[in-house]
Amino acid sequence: MEKSSNNWLKKQYKELKQTLIPAHPNDSPWKKFGKQTAFFMFLTLMACGAVAMLIAVSFAH
């Protein structure tokens with residue numbers, strides 16, 4: 001049985017990044033920077049949404 005060097009979270013991160021914002025070899029450095037910034041903004045928004053949902057659920061019960 002072969003053990004993979006990446007953990008589950010790292011694999012999911014890379015797969016999500018490649019699915020949402022694929023990197024193309026002909027992208028300019030500014031285009032790559034913009035894609036990377038957009039992806040981190042998306043992750044930040046998702047994290048804030050998860051925290052907001054937890055707070056809302058804690059007040060709802």
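Helices α1 and α2 are oblique to each other in this predicted model. Helix α1 covers residues 8-20, and helix α2 covers residues 29-60. Their packing angle is about 120 degrees. An angle of this kind falls outside the range of 65 to 115 degrees for roughly perpendicular axes and is not over 145, the limit for roughly antiparallel ones, so the pair counts as oblique. The two axes lie 11 Å apart. The crossing of α1 and α2 is right-handed.

Residues from both helices form the contact. Helix α1 contributes Tyr13, Leu16, Lys17 and Leu20. Across from these, α2 supplies Gln36, Phe39, Phe40, Phe42 and Leu43. By class, this contact holds 7 nonpolar residues, 1 polar residue and 1 charged residue.

The largest pocket was examined next. Its space amounts to about 160 Å³. The lining consists of Lys14, Lys17, Gln18, Ile21, Pro22, Ala23, Asp27, Lys32, Lys35 and Gln36. Two elements, α1 and α2, each give two or more residues to this lining. By class, the lining comprises 5 charged, 3 nonpolar and 2 polar residues. Lys17 and Gln36 appear both in the contact of the helices and in the lining of the largest pocket.

Technical notes:
Residues numbered from 1 in each chain as written. Predicted model: local features only at pLDDT ≥ 70, side-chain atom pairs only at ≥ 80, totals over all residues. Heavy atoms only, no water. Axes fitted to C-alpha atoms, helices over the stretch in contact; angles between N-to-C directions. Helix = DSSP H or I, 4+ residues; strand = E, 2+ residues; numbered from the N terminus. Parallel < 35°, antiparallel > 145°, perpendicular 65-115°, else oblique. Left-handed = near helix turned anticlockwise from the far one by under 90°. Contact = heavy atoms within 4.5 Å. Nonpolar A, V, L, I, M, F, W, Y, C, P; charged D, E, K, R; others polar. 1 Å grid on protein atoms, 1.4 Å probe; cavity = no way out; pocket = protein on both sides within 12 Å on 5 of 7 lines; lining within 4 Å. Points joined across faces, edges and corners; volume = space filled by probe spheres on them.
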